[in-house]
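User: Please take one residue and look closely at it and at its surroundings. I am a first-year student, so please explain each term as you use it.

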Amino acid sequence: MATLLIVHHTPSPNCQAMFEAVVSGATDPEIEDVRVVRVPALSATASDVLAADGYLLGTPANLGYMSGALKHFFDQVYYPCLDATRGRPFAYWVHGGNDVTGAVRGIESITKGLGWRRAAEAVTVTGEPGKGDVQKCWELGATVAAGLMG
């Protein structure tokens with residue numbers, strides 16, 4: 001059975017709505033043989049990353065960058081996971097009040113350094129997520145999870 005690790009920082013109702021939609025998509029009953037593990041960014045470890053076959057990452061855009069929690073996650077796992085996770089699929093979502101450019105740039109840079117392979121387009125939302133944004137988050141979760149099916 002494949003494992004999908006969802007690492008997230010969800011400090012606001014908007015981030016929580018996006019996270020819940022991602023989880024709902026990833027755990028859709030039509031997706032079989034994929035175990036979904038959800039870990040807050042400040043609790044996720046290199047062992048979690050090494051034990052997973054793919055990753056979904058979620059963060060708010062804070063002060064022009066990803067949250068400190070997601071950055072801390074990357075700082076903790078980067079070198080221990082660098083060679084062992086190369087080529088694994090990932091995708092991410094970002095929520096911001098008015099701009100997510102710096103957060104996107106940071107995530108893209110770090111995951112490129114890790115050698116992870118983007119499995120779906122990022123979902124980025126500024127302001128309150130609308131119905132279409134929530135649907136895109138659901139599709140993000142379902143797409144990455146389905147890609148891990150045997």
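Analyst: **A close look at one residue and a helix**

T59 is found in strand 3, where strands (E, at least two residues) and helices (H or I, at least four residues) are DSSP runs numbered from the N terminus. The model is predicted, so that local features need pLDDT of at least 70 and side-chain atom pairs count only at pLDDT 80 or more, whereas totals for chains, interfaces and linings use all residues. Residues are numbered from 1 along each chain as its sequence is written, and side-chain values use heavy atoms, with hydrogens and water left out.

T59 counts as buried because its relative accessibility is 1%; buried means under 20% relative accessible area, exposed over 50%, and partly exposed in between, with a 1.4 Å probe and protein chains only. Setting aside neighbours within four places in sequence, T59 is in contact (heavy atoms within 4.5 Å) with H9, M66, S67, L70, W93, V94, H95 and I107. The C-alpha atoms of T59 and K71, which lie 12 residues apart along the chain, are separated by 9.6 Å.

One of these contacts, I107, leads to helix 4, where G102, A103, G106, I107, I110, T111 and L114 are buried. These residues cover an arc of only 150 degrees around the axis, and therefore lie on the same side of helix 4; the arc is that of the directions from the helix axis to the C-beta atoms. The face turned away from that buried side carries the exposed residues R105 and K112. The buried residues of helix 4 pack against strand 3 (54–62), strand 4 (65–66), helix 3 (68–81) and strand 5 (89–96).

The length of helix 4 can also be checked: at 1.5 Å a residue, its 14 residues (101–114) should span 20 Å, and the end C-alpha atoms are 20 Å apart, which agrees. The expected span here is 1.5 Å times one less than the number of residues. Just after helix 4, G115 takes a positive phi of about 80 degrees.
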